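The following explanation leads the reader through one protein model, from its overall composition to two helix packings. Please keep the sequence and the coordinates at hand while reading.

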Amino acid sequence: MSKGLVMVFGAIARWAASQRTALLEMLRRRNCIAALTHVISELADAAGHMHDSIQLEDLQLASYEALGWLTGSESGNHAVASDVIALQAPAAAKALEASLARFPENRRSKVLGLAALSWCLHQASASEAGSKAEHEEDGASGPREESVKTILESLSESGNGDLQTLALLSFGWVSFSHPPSGAALLRSHGLQMMVSAMQRHPLNRRLQYYACGT
């Protein structure tokens with residue numbers, strides 16, 4: 001996949017998910033989740049070979065966002081889409097875990113990567129609903145502390161509206177994909193931080209959009 005395609009993939013996936021039509025099914029049929037998994041692994045291996053660390057994080061961010069939208073959107077009546085997600089989510093989760101471990105300092109991509117990982121783990125565990133032990137091992141009964149901490153820290157940033165925008169998107173993803181973590185965010189005054197972020201950045205349209213959606 002070219003740099004340009006990676007950069008716009010998040011917007012494409014977000015738009016397709018909002019349409020609730022066969023467009024999202026088409027994306028899934030084309031194995032886009034598998035393609036993004038490959039891109040994420042390639043970007044992790046590119047450490048030390050790309051001179052522009054900002055560009056690398058931008059590419060990671062776009063890949064994580066697209067993967068989150070594709071794995072997190074409801075499949076509706078498209079059984080094939082659900083099957084594709086169930087089949088590809090475990091590999092996507094492994095790629096995300098490896099990538100996040102390689103770049104712990106990339107805070108923007110981390111906050112979205114952890115949320116995308118939450119969706120992938122949710123889909124993977126749902127596809128193995130018959131195995132209660134594995135489901136509990138995934139932490140289904142308790143909050144994912146690292147995701148909650150990262151989102152709260154990003155929401156508390158007073159001057160970085162772009163980071164808070166990503167944190168708001170992650171807030172929604174994590175809450176829907178893993179309710180115990182969503183409850184932990186609410187108990188930790190996440191809602192108040194969300195409102196404060198909206199008040200601090202009233203002209204940031206994307207932040208306002210994700211805050212209202214969340």
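**From overall pattern to helix packing**

Read along the sequence, the protein follows the pattern α-α-α-α-α-α-α-α-α-α-α-α. This is a predicted model, and its secondary structure comprises 12 helices and 0 strands. The protein has 214 residues, of which 48% count as buried. Among contacts with a sequence separation of 6 or more, 75% are accounted for by residues 24 or more positions apart.

Helix 4 is a suitable place to begin a closer inspection. Its 20 residues reach 28 Å from the first C-alpha to the last, close to the 28 Å expected at 1.5 Å a residue. With a residue called buried when its relative accessible area is under 20%, 16 of the 20 residues of helix 4 are buried, so helix 4 is largely enclosed by the rest of the structure.

One of the partners of helix 4 is helix 9. The axes of helix 4 (residues 53-72) and helix 9 (residues 161-177) come within 12 Å and cross at roughly 30°. Because angles under 35 degrees count as roughly parallel, helix 4 is classed as roughly parallel to helix 9. The crossing in which helix 4 passes helix 9 is left-handed. On the side of helix 4, the contact is made by L61, Y64, E65, G68 and W69, while helix 9 contributes L166, L169 and W173. By class, this contact of helix 4 with helix 9 holds 6 nonpolar residues, 1 polar residue and 1 charged residue.

Helix 9 also meets helix 10, and this second pairing may be read in the same manner. The axes of helix 9 and helix 10 (residues 179-187) come within 5 Å and cross at roughly 130°. An angle of roughly 130° falls outside the ranges for roughly parallel, antiparallel and perpendicular; helix 9 and helix 10 are therefore oblique to each other. Here, too, the crossing is left-handed, with helix 9 passing helix 10.

The residues that helix 9 brings to this contact are F171, V174, S175, F176 and S177, and they meet P179, S181, G182, L185 and L186 in helix 10. Sorted by class, the residues of the contact of helix 9 with helix 10 divide into 6 nonpolar, 4 polar and no charged.

Helix 9 thus takes part in both packings described: L166, L169 and W173 belong to its contact with helix 4, whereas F171, V174, S175, F176 and S177 belong to its contact with helix 10.

Definitions and conventions. Residues numbered from 1 in each chain as written. Predicted model: local features only at pLDDT ≥ 70, side-chain atom pairs only at ≥ 80, totals over all residues. Heavy atoms only, no water. Axes fitted to C-alpha atoms, helices over the stretch in contact; angles between N-to-C directions. Helix = DSSP H or I, 4+ residues; strand = E, 2+ residues; numbered from the N terminus. Parallel < 35°, antiparallel > 145°, perpendicular 65-115°, else oblique. Left-handed = near helix turned anticlockwise from the far one by under 90°. Contact = heavy atoms within 4.5 Å. Nonpolar A, V, L, I, M, F, W, Y, C, P; charged D, E, K, R; others polar. Expected span 1.5 Å × (residues − 1). Buried < 20%, exposed > 50% of the residue type's maximum accessible area, 1.4 Å probe, protein only.
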